[in-house]
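Okay, thanks everyone for coming. I'll walk you through one structure today, so have a look at the screen.

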Amino acid sequence: MTTLKFSNANTKLLRLRKLLESEWSMKRVNIQAIQLPAGYSCPMAKDCLTKSDRDTGKITDGPDMEFRCFMATLEAMSPQLRQLVWHNFDLLREHKTEDAITELIELSLPKNTHVMRTGVDGDFYSQKYFNAWLNVARNHPEISFYAYTKSLSYWTNQIDAIPSNYNLNASKGGRLDHLIEDYNLKSATVVYHPDQATKLGLEIDHDESHALLSDKSFALLLHGTQPKDSDASKALKQLRLEKIEYSYS
């Protein structure tokens, strides 16, 4: 049977692994992630909506895009990454029911996983897919799951059914941001400079520890390749001038 393909660790997740190995007194923490195509699997995205053409990698920005999704820019540069994310997306969409998607994930789940990030690239593209991951988390209390998502209606539809080992983070800048306040959801806000995070009273997460281990909202520093002369591009230039680390690739 054809199975999903998982990935392990960009620089940010490597930092998280070192932290967890220390905190959990483990020799090796196995962190895995599933990736889907940016934009195409993000039905509620707005501020960061960016797509990389499946075949050519050509970037297309959404109509309200304020900063490019960093994973879409990586897809644009890597045919291998595009092949991986579309393999997963195509395979998942062949499975039409929540039970079928759950079974596919279960059969694909890497062995000896300690932490699972559901969506370094992409998002929850349907309620059935979201629910399937909740099912998998319930079946595996030994694994710590976490995700960023703008698909907030799928979350709020299941607000009382989120397993305790699943830490969800509402990614601000989507079309359903009003649900963050309505349901008091933990959130992640992209900022262009550390001073902006300070004014908002938010700590910046540099190693995914806030996303996985905390119940408090936090900030993420803008990163990734940005369109020339855009506000986001100018912000990255300022970060470089001030020698502020912002890239985790």
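Let me start with a term I'll need later: on a 1 Å grid over the protein atoms alone, a cavity is a set of points where a 1.4 Å probe fits but cannot get out, and its lining residues have an atom within 4 Å of a point. Grid points are joined across faces, edges and corners, and a volume is the space filled by probe spheres set on the points.

Now the small print. This is a predicted model, where local features need pLDDT of at least 70 and side-chain atom pairs count only at pLDDT 80 or more, while totals for chains, interfaces and linings use all residues. Residues are numbered from 1 along each chain as its sequence is written, and side-chain values use heavy atoms, with hydrogens and water left out.

On to the sheet. Helices (H or I, at least four residues) and strands (E, at least two) are DSSP runs, numbered from the N terminus, and two strands pair if DSSP finds at least two bridges between them. What order do the strands of the open sheet take? There are seven, running β1-β2-β5-β6-β7-β8-β9, with mixed pairing. β1 and β9 stand at the edges with a single partner strand each, so one side of each has no neighbour in the sheet.

Let's go in from the β1 edge. β1, residues 6-7, runs antiparallel to β2 and is joined to it by two bridges. Phe-6 has Ile-34 as its bridge partner, and Ser-7 sits opposite Ala-33. On its other pairing, β2 goes parallel with β5, residues 115-121, over five bridges, and there Ile-34 is partnered by Thr-118.

Are the residues of β2 buried or exposed? Five of its five are buried, meaning under 20% relative accessible area with a 1.4 Å probe, protein chains only (exposed is over 50%, partly exposed in between). Ile-31, Ala-33 and Gln-35 point one way, Gln-32 and Ile-34 the other. That fits a general habit: in a regular strand the side chains alternate between the two faces of the sheet.

At the other edge, β9 (residues 218-221) pairs in parallel with β8 (residues 187-191) over four bridges, with Ala-188 opposite Phe-218. Both faces of β9 are covered: Phe-218 and Leu-220 are buried on one side, Ala-219 and Leu-221 on the other.

Two helices next. α1, residues 11-23, has 13 residues and should span 18 Å at 1.5 Å a residue (times one less than the residue count); its end C-alpha atoms are 19 Å apart, which agrees. Its buried residues include Leu-13, Leu-16 and Leu-20, and β2, β5 and β9 are among the elements covering them, with contact meaning heavy atoms within 4.5 Å. Just after α1, Ser-25 takes a positive phi of about 55°.

α5, residues 127-139, should span 18 Å too, and its ends are 18 Å apart. Its buried residues include Tyr-129, Phe-130 and Trp-133.

Finally, back to that cavity. How many of 30 Å³ or more turn up in the whole structure? One, with a volume of about 30 Å³. Its lining includes Ile-34, Thr-118 and Tyr-129, and β5 gives the most, with three residues.

Technical notes:
1 Å grid on protein atoms, 1.4 Å probe; cavity = no way out; pocket = protein on both sides within 12 Å on 5 of 7 lines; lining within 4 Å.
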